[in-house]
Amino acid sequence: MATVHAPELLIVMSGTATPEEVEHVVARLEEAGAQAHVTPGKQATVIGAIGEREQIAALPLEGYAGVEQVLPILKPYKLVSREISPDPTVIEVRGRRIGDGYFGFIAGPCTVEYREQTLETARAVNAEGVTMLRGGAFKPRTSPYTFQGLGLEGLKILVEAREETGLPLVTELMDPRHVDAVVDAADVIQIGARNMQNFSLLSEVGRARKPVLLKRGISASIEELLMAAEYVVREGNSQVILCERGIKTFETATRFTLDIGAIPVLKQETHLPVIVDPSHAAGRRDLVLPLARAAVAAGADGIIVEVHPEPEHALCDAAQQIPVRDFPHFADEIRALASLMGRVIG
Ligand code: PEP
Ligand code: MN
C-alpha cells in the first residue's frame, strides 16, 4: 500500500503543558518515523503529526503528559487549515505586516516598463502610505506577441525603487530557472493565477525562505487554492498570502468575477492571510475602488492594486490601472474603510 505522507492527526496540548511535554510528544512521533509540525497557539500548542497512519496510530498519544486531545484532520488540506492553527498567521516583511488585524496595502505598476515609470509610481504610492510595492518583471501574457516584461532588467529597477522608498517588493516568478534571481530581489514572491497549479513551481518556492503571494487560478475552486498553498507549506515555507483576483464566469461586464464570498470562506478555512486584487478582477479602473471597498468590508487582510503614471500608454493592462494622480483619493477611501473595519495598515 502506498504511504501517504499527510498529517493525519492533530495533537492538542493542554494550556498548561510544559515545553518538555511538547518535546516529548515530538520525540515519540519522530521515533515512529513521523514528522511533527508544532504550532504554538495563544491558548494551546497544537502538533500536527505527519507520517504513516499505522505508525502514528500505534503510539499511545492520549496517554502522554500534557496531551489534551487527539483529533483526526478531516480536511484534504492539512497544514494550511484552521484546524492545525486556530490563530491567524501574520506575515512580516521588512517590518510591514499582513494578517490578524494588519492590513497589507500593496500598489504599483502592473509591469515594470521603464525606470522612470516605475520610480514615479513607487514614489507616489509610498507618499500615500502603502505597505509594499508591486510590479511585474516577468509577465504571463495571453499573447506571445505582446510585451513580455523586462525580465532581469526589470528586477533591477524594482530593487532601485525599494532602495529609494524602503517599500518591500512583490514580484512574480514564472519560471523555476529564475528562482534565484527573483528570490534574491523580491521580498514577496508572487505566483500568478496561471501558475497556481504549477506544482513543481509551488514546491520550489516552498523551499525558498521568502513569503509567497499565491493568486487564485482563473478557474480554480477555493479548495484547489488551498491545496496549492499546501504544496508550498509542506516544503517548510509557511509564509503564504492567498489572493482572490476574480474567476471566470459567464459574466462579461467585468474582466473576471470577483468572488467576494471566497474571502469569508477562506478566513474560516485557513489561518493564512487573504488579500484581494480588485484590478485584475475588474479589468476597468472605474470599478477598482468599489471592488476594493467590498473586499475590505468582507474582511480581507489587504489589497493589491495596479497604478501607472499614464495608464492610457501602459504596455499591459491599460484599462484597469489607476492613474497616479487619482491614487491619493483611492488611498484615502481605503484607509478610512480599513480603519472602520478595525484594521491597522501594516
Ligand atoms: C499580476 O498581478 O501581475 C497578474 C498577472 O495577475 P494574475 O496572475 O492574477 O492574472
Ligand atoms: Mn496586470
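Here is a walk through this predicted model, from the overall fold to the metal site and then to a few individual residues.

Let us start with the chain as a whole. Its secondary structure amounts to eleven helices and 16 strands. The radius of gyration is 21 Å, close to the 20 Å that the globule rule gives for 346 residues, so the chain is as compact as a globular protein of that length. If you wanted to draw a box around the C-alpha atoms along the principal axes, roughly 65 × 45 × 45 Å would do. Of the 346 residues, 55% count as buried. Contacts across the sequence are plentiful in the following sense: among contacts with a separation of 6 or more, 71% join residues 24 or more positions apart.

The surface and the charges round off this overview. The accessible surface comes to about 14500 Å², and carbon and sulfur atoms supply 52% of that area. The chain carries 34 positive and 46 negative charges, and the mean positions of the two sets are 4 Å apart.

Now to the metal site. Which residues hold the manganese ion (ligand 2) as protein donors? They are Cys-110 through SG, His-280 through NE2, Glu-306 through OE and Asp-317 through OD, at 2.0 to 2.5 Å from the ion. Along the sequence, the spacing of these donor residues reads C-x169-H-x25-E-x10-D. The pair Cys-110 and Asp-317 links distant parts of the chain, with their positions 207 residues apart in the numbering. Cys-110 sits in the loop between strand 7 (102-108) and helix 3 (115-127), while Asp-317 sits in the loop between strand 14 (302-308) and strand 15 (322-323). Cys-110 has a relative accessibility of 0% and counts as buried. Asp-317 also counts as buried, because its 16% relative accessibility falls under the 20% cut-off.

Stay in the loop between strand 7 and helix 3 for a moment, since Val-112 is found there too. Is Val-112 buried or exposed? It is buried, with a relative accessible area of 0%. Not counting residues up to four places away in sequence, Val-112 touches a set of residues that includes Gln-117, Thr-118, Gly-135, Gly-136 and Phe-147. Leu-150, Gly-154, Ile-157 and Leu-158 are also among the residues that Val-112 touches. Val-112 and Glu-153 are 41 residues apart in sequence, and their C-alpha atoms are 9.2 Å apart in space.

Beyond helix 3, Val-130 lies in the loop that leads to strand 8 (132-134). Val-130 is buried, with a relative accessible area of 3%. Leaving aside neighbours within four places in sequence, its contacts are Arg-96, Phe-105, Ala-107, Val-125, Leu-167 and Phe-327. The C-alpha atoms of Val-130 and Gly-346 are separated by 8.7 Å, although their positions lie 216 residues apart along the chain.

Helix 6 (residues 199-206) gives us another view of the interior. Its buried residues include Leu-201, Leu-202, Ser-203, Val-205 and Gly-206. What do the buried residues of helix 6 pack against? Their partners are strand 10 (188-191), strand 11 (212-215) and helix 7 (222-233).

The loop between strand 11 and helix 7 holds Ser-219. Here the picture is one of exposure: the relative accessible area of Ser-219 is 65%. Apart from neighbours within four places in sequence, Ser-219 is in contact with Glu-224 and Lys-248. Its C-alpha atom is separated by 24 Å from that of Asp-286, 67 residues away along the chain.

Thr-18 belongs to the loop between strand 1 (6-13) and helix 1 (19-31). At 31% relative accessibility, Thr-18 counts as partly exposed. Thr-18 and Arg-53 are 35 residues apart along the chain, with 26 Å between their C-alpha atoms.

Finally, a look at the backbone. Most residues other than glycine have a negative phi. Against that background, two residues deserve your attention. Arg-94, in the loop between strand 5 (91-93) and strand 6 (96-98), has a positive phi near 45°. Asp-100 is not a glycine either, yet its phi is positive at about 50°. Asp-100 is placed in the loop between strand 6 and strand 7, and with 38% relative accessibility it counts as partly exposed.

How values were computed:
Residues are numbered from 1 along each chain as its sequence is written. Chains are lettered from A and ligands numbered from 1 in the order in which they are written. This is a predicted model: local features need pLDDT of at least 70, side-chain atom pairs count only at pLDDT 80 or more; totals for chains, interfaces and linings use all residues. Side-chain values use heavy atoms; hydrogens and water are left out. Helices (H or I, at least four residues) and strands (E, at least two) are DSSP runs, numbered from the N terminus. The radius of gyration is taken over C-alpha atoms; the globule rule is 2.2 Å times the number of residues to the power 0.38. Buried means under 20% relative accessible area, exposed over 50%, partly exposed in between (1.4 Å probe, protein chains only). Contact means heavy atoms within 4.5 Å. Accessible areas come from the Shrake-Rupley method with a 1.4 Å probe; for residues, only the protein chains shown count as cover. Lys and Arg count as positive and Asp and Glu as negative; His and the chain ends are not counted. The place of a charge is taken as NZ of Lys, CZ of Arg, CG of Asp or CD of Glu. Donors are N, O and S atoms within 2.8 Å of the metal (3.2 Å for Na, K and Ca); water is not among the atoms, so sites may look incomplete.
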